[in-house]
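Q: I would like to learn how the labels given to a protein model are justified. Could we take some of them one at a time and set each value against its cut-off?

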Amino acid sequence: MTFVVNLALGLLFGIGLVISGMSDPAKVLNFLDLAGTWDPSLAFVMGGAVIVAFFGYRLVLKRDRPIVGSSFRIPTRTELEPRIFVGPAIFGFGWGLAGFCPGPALTALGLEAPGTLIFVPAMFVGMWLARLAGERSAEPAMG
């Protein structure tokens, strides 16, 4: 049942990306081009998402448990590690260079947007390498 709910939510997210035009890499690149053809529409989409998340979390976390699932999984770690900064920096550079982030890239792949046939496989390779690096850093040091 959880898989079906996650699939439905992912499809809803993808439809929202297409309707809002956020699956178009030119939209993202224009948002990042402050000195040229700046397009603020991405800021409005992000602002809308922040507002929904702000109120949504407060509403949902009043429940004893999620509708689908046995308990909420809320992060408890508070220490800052270099990977907390390195990962988002790499993500931001990739987003700025290609105009894609993972969700819109997968949506744009279905729309046959230029560049997705290179970006999406590279994204999966990067995800695999990040997982591999995470597993290696979690291994105890041999002495």
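A: We can begin with confidence, since this is a predicted model. Among the elements of the protein, helix α5 (residues 102-110) has the lowest mean pLDDT, 78, while helix α3 (residues 41-60) has the highest, 90. For the protein as a whole the mean pLDDT is 82, and 94% of its residues reach 70 or more.

Q: Why is valine 4 called exposed?
A: The word exposed is kept for residues with over 50% relative accessible area. Valine 4 has a relative accessible area of 52%, and therefore it counts as exposed. This residue lies in helix α1, which covers residues 2-20, and it helps to make a nonpolar surface patch of about 670 Å² together with Phe3, Leu7, Leu11, Ile15 and Ile19.

Q: What makes asparagine 30 partly exposed?
A: Buried means under 20% and exposed means over 50%, with partly exposed in between. Asparagine 30 has a relative accessible area of 27%, which lies between those two limits, so it is called partly exposed. Its place is in helix α2 (residues 25-32), and its C-alpha atom is separated by 9.3 Å from that of leucine 42, twelve residues apart along the chain.

Q: Where is leucine 61, and how do you know that it is partly exposed?
A: Leucine 61 is in the loop between α3 and α4 (82-98). Its relative accessibility is 40%, and because this value falls between 20% and 50%, leucine 61 counts as partly exposed. The C-alpha atoms of leucine 61 and threonine 37 are separated by 41 Å, the two residues being 24 apart along the chain.

Q: Why is the contact between aspartate 39 and lysine 27 called a salt bridge?
A: A salt bridge needs a side-chain nitrogen of Lys or Arg within 4 Å of a carboxyl oxygen of Asp or Glu. The side chains of aspartate 39 and lysine 27 meet at 3.5 Å, N to O, so the pair satisfies that cut-off. Aspartate 39 lies in the loop between α2 and α3 and lysine 27 in helix α2, so the pair ties together parts that are twelve residues apart in sequence. Lysine 27 itself is partly exposed, at 22% relative accessibility.

Q: What makes Arg77, Glu79 and Glu81 a network?
A: Arginine 77 forms a salt bridge with glutamate 79, with the closest N and O atoms 2.8 Å apart, and the side chains of glutamate 81 and arginine 77 meet in a salt bridge at 2.3 Å, N to O. Both values are within 4 Å, and since arginine 77 takes part in each pair, the three residues are linked in a network of salt bridges. Arginine 77 counts as exposed at 52%, whereas glutamate 79, at 42%, is partly exposed, as is glutamate 81, at 23%. A search of the whole structure finds three salt bridges.

Q: Which residues lie nearest the centre of the largest pocket, and which elements give two or more residues to its lining?
A: The largest pocket is lined by 25 residues, of which Phe13, Gly48, Ala49, Val52 and Ala53 lie nearest its centre. The elements that give two or more residues to this lining are α1 and α3, and the largest share, ten residues, comes from α3. About 740 Å³ of space lies in this pocket.

Key: Residues numbered from 1 in each chain as written. Predicted model: local features only at pLDDT ≥ 70, side-chain atom pairs only at ≥ 80, totals over all residues. Heavy atoms only, no water. Patch = residues over 30% accessible without salt bridge, like charges linked within 9 Å, V, L, I, M, F, W, Y side chains within 5 Å. Areas by Shrake-Rupley, 256 points an atom, 1.4 Å probe, with all protein chains shown as cover. Helix = DSSP H or I, 4+ residues; strand = E, 2+ residues; numbered from the N terminus. Buried < 20%, exposed > 50% of the residue type's maximum accessible area, 1.4 Å probe, protein only. pLDDT = per-residue confidence, 0-100. 1 Å grid on protein atoms, 1.4 Å probe; cavity = no way out; pocket = protein on both sides within 12 Å on 5 of 7 lines; lining within 4 Å. Points joined across faces, edges and corners; volume = space filled by probe spheres on them.
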